[in-house]
Amino acid sequence: MQLSRFPRVRLCHAPTPLEPMKRLSDALGGPEIWVKRDDCTGLASGGNKTRKLEFLIGAALAAGADHVITQGAHQSNHVRQTAAAAAKHGLKCTALLEQRVETNDPDYLGNGNVLLDELMGCTLRTYPAGTDMQAEMEALAADLQDAGETPYVIPGGGSNTTGALGYVACAYEMLGQAEAMGLAIDHIVTATGSTGTQAGLVAGLTAANAGIPVLGISVRAPKEKQEANVLALTRATAETLGYGGAIDAALIEADDTQVGGGYGVPTPAMIEAVRMFSSLEGILLDPVYSGKGAAGLIAAVRAGRFTKGQKVVFLHTGGSAGLFAYRSTFMQEAIPAS
Ligand SMILES: *Cc1c(COP(=O)(O)O)cnc(C)c1O
């Protein structure tokens, strides 16, 4: 399995740290909880899409592209990191934003990731919830081609076999770090949405025969649907890698108990998780993905799923820029005057 066979640009501050979370572990009283800091990938406030974009922008440049098109929710972290990667490589960037979360909150509409997209020179267009976003991207690509440009379409979340290679690379990186520090990882927990992160991780861990299960905490889709989607991309990614073995469906697990009212809708458990990570560890989660992912981890620990002494790694996929879009969720009272 040689990742250097694939076109790639370097965007990521790697390796990202793999650190113990002592105070959080003590507070929960269960397993030893570690964190893989992919919130620190370094590109315009970081996050998991940066790893995927190393291969996606690599492929775009190899194809001679001059204009990258992608899509996401209004507060997409993926769009923000794509805008940054495109800016760094001198590519134009147009992002199609689906109004997936129903709100008129001015912070949601104009702060957080959207503000950063604007700063990085990304052209933004908005679409109503339920729009066939892939079809809109393809229509735009056809228009740009007619106008003499060379567009490259990156799917939502950067989740195809090219993007998932970024998480194959992360799996290898984490195994190397764990070996160097003598850390035997029992389980990995991560948020899962468009599936590329979990699929790449499972493909990489399986190709390396690591024997480390991955639990995905769904932020949107029901369990069965999420597991089917992750499995399909894991199999396709393993094939792209040249891995000859079969990917057993039993390797894919998604938990949908943290979705709550739906994608991007805050839950009490997410708010508790964001406050625990920030107040105990000084680590910032986000309201849409890593906050719900951490809520899933906390719920699993409280339910006794992991035993004392086990080592559980939470893959922190980033997203803290999204906190500024959810000010009203967290700051409900004014700071008292002295
Ligand atoms: C996109 C995203 C995820 C989900 O990763 P997928 O590869 O889409 O499943 C998790 N956390 C954050 C912060 C994200 O932006």
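This passage goes through three helix packings, the surroundings of the ligand and two backbone details.

The model is predicted, so local features are taken only at pLDDT of at least 70 and side-chain atom pairs only at pLDDT 80 or more, while totals for chains, interfaces and linings use all residues. Residues are numbered from 1 along each chain as its sequence is written, and side-chain values use heavy atoms, with hydrogens and water left out.

Helices and strands are DSSP runs numbered from the N terminus (H or I, at least four residues, for helices; E, at least two, for strands). Two packed helices are described by the angle between their axes and the distance between the axes. Here the axes are lines fitted to C-alpha atoms, for helices over the stretch in contact, with angles running from 0 to 180 degrees between N-to-C directions.

Take α8 and its neighbours to begin with. Helix α7 (residues 161–180) packs on helix α8 (residues 196–207) at an angle of about 50°, their axes 7 Å apart. The two are therefore oblique to each other; angles under 35 degrees count as roughly parallel, over 145 as roughly antiparallel, 65 to 115 as roughly perpendicular and the rest as oblique. The crossing of α7 and α8 is right-handed, meaning that the near helix is turned clockwise from the far one by less than a right angle, with anticlockwise giving a left-handed crossing. On the α7 side the contact (heavy atoms within 4.5 Å) includes A164, Y167 and V168, and on the α8 side G196, T197 and G200 are among the residues met. By class, this contact holds 12 nonpolar, four polar and no charged residues. For that count, Ala, Val, Leu, Ile, Met, Phe, Trp, Tyr, Cys and Pro are nonpolar, Asp, Glu, Lys and Arg are charged, and the others, Gly among them, are polar.

Helix α8 also meets helix α9 (residues 223–241), with axes that come within 8 Å and cross at roughly 50°. This pair is therefore oblique as well, and α8 passes α9 in a right-handed crossing. G196, Q198, A199, V202, A203 and A207 of α8 face V230, L233, T234, T237, A238 and L241 of α9 in this contact, which divides into eight nonpolar, four polar and no charged residues.

Further back in the chain, helix α2 (residues 49–62) and helix α3 (residues 77–88) have axes that come within 10 Å and cross at roughly 45°. That makes α2 oblique to α3, and their crossing is right-handed. K49, T50, L53 and I57 of α2 touch N77, H78, Q81, T82 and A85 of α3. Three of these residues are nonpolar, five polar and one charged.

Now for the ligand. There are 16 residues around the ligand (a heavy atom within 4 Å), and K49, K52, S194, T197 and T317 come nearest. Polar contacts are pairs of N or O atoms within 3.5 Å; within protein, one atom must be able to donate a hydrogen and the other to accept it, and residues adjacent in sequence count only if both atoms are side-chain atoms. An N or O atom in the K49 side chain is 2.9 Å from a ligand oxygen atom. For N77, a polar side-chain atom lies 3.0 Å from an oxygen atom of the ligand, and for G193 a polar backbone atom is 2.7 Å from one.

Two backbone details round things off. T195, in the loop between β7 (187–192) and α8, has phi near 90°, a positive value in a residue other than glycine. The peptide bond from A14 to P15 is cis, with omega near 0°, and P15 sits in the segment before β1 (18–20).
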